[in-house]
Amino acid sequence: MASTHLIIFVRVFRRGSVKTRLARAIGAEAACEAYQKMVEELVERLATIPTVELRFTPEDAVTEIRQWRRDNWHLRPQGEGDLGQRLERAFADAFANGAQYVVVIGSDCPMITPDDIRSAWTVLETNDVVLGPAQDGGYWLIGLGEPRPALFQSIDWSTDKVLKQTLRRVRARNLKVELLRELRDVDTESDWLDFLDLNRRLL
């Protein structure tokens, strides 16, 4: 059986350090609380997946991040550098530790399900890359079957160009890629209100 690995990128929930776009609309304290709620929902949804790694930033955040760990989950700092460098490092570490199919997600999209993760691992059985496109032009998931550092270099992170630039690099290297369903990150007040409304309707 292939060794699968899921990494979740999370940030410490300190006032002013998370959801800065949302904070401009609802305030830094409320945005911090919103981020906590989002991550709590995400880890609760994914609690059935074994051997998950919570990759956190900054490095002194381990005490705060520990509350999100589940049984058989692990904590590890993201390290220094831009998002591309931190992603490249996360994949390299996972493959060095024996993983065959590695999937990384962020914590901005709390509607990710275990089926999404399992689908990504299945895609990697016959593809080099799997991506979960986000409505804002980025991606909420990336999965690889081996290290691909070029996919994380010279990307305009936090812009609507991320997915297009990544796909351009994938195709330039003749890699096989498959896209999962499109999801919406929670970045703005409208995103947050829609997320709360959806949660109420699901109760």
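Visitor: Among contacts in the protein chain between residues at least 6 apart in sequence, what percentage join residues at least 24 apart?
Guide: The model is a predicted one. Its protein chain holds 7 helices and 7 strands, arranged along the sequence as β-α-α-β-α-β-α-β-α-β-β-α-β-α. For contacts between residues at least 6 apart, the share that joins residues at least 24 apart is 65%.

Visitor: Which radius of gyration does the protein chain have, and why does the value agree with a compact globule?
Guide: Along its principal axes, the C-alpha trace spans about 45 × 35 × 35 Å. A compact globule of 203 residues would have a radius of gyration near 17 Å, so the chain agrees with that expectation at 16 Å.

Visitor: Which element gives the most residues to the largest nonpolar core?
Guide: The largest nonpolar core has 36 residues, and L6, I8, I105 and I117 have the most contacts inside it. At least two residues each come from β1, α2, β2, β4, α5 and β6. The greatest contribution, 5 residues, is that of α2.

Visitor: Which residues of the sequence from L6 to F9 does I105 touch?
Guide: Leaving aside residues up to four places away in sequence, I105 touches L42, L46, I112, I117, W140 and L141, among others. From the stretch in question, the residues touched are L6, I7, I8 and F9.

Visitor: How many residues does the other core have?
Guide: This core lies apart from the largest one and includes V129, L144, I155 and L167. In soluble globular proteins, nonpolar side chains tend to be buried together. The number of residues in this other core is 24.

Terms used
Residues are numbered from 1 along each chain as its sequence is written. This is a predicted model: local features need pLDDT of at least 70, side-chain atom pairs count only at pLDDT 80 or more; totals for chains, interfaces and linings use all residues. Side-chain values use heavy atoms; hydrogens and water are left out. Helices (H or I, at least four residues) and strands (E, at least two) are DSSP runs, numbered from the N terminus. The radius of gyration is taken over C-alpha atoms; the globule rule is 2.2 Å times the number of residues to the power 0.38. Contact means heavy atoms within 4.5 Å. A nonpolar core is a set of buried Ala, Val, Leu, Ile, Met, Phe, Trp, Tyr and Cys residues joined through side-chain atoms within 4.5 Å. Buried means under 20% relative accessible area, exposed over 50%, partly exposed in between (1.4 Å probe, protein chains only).
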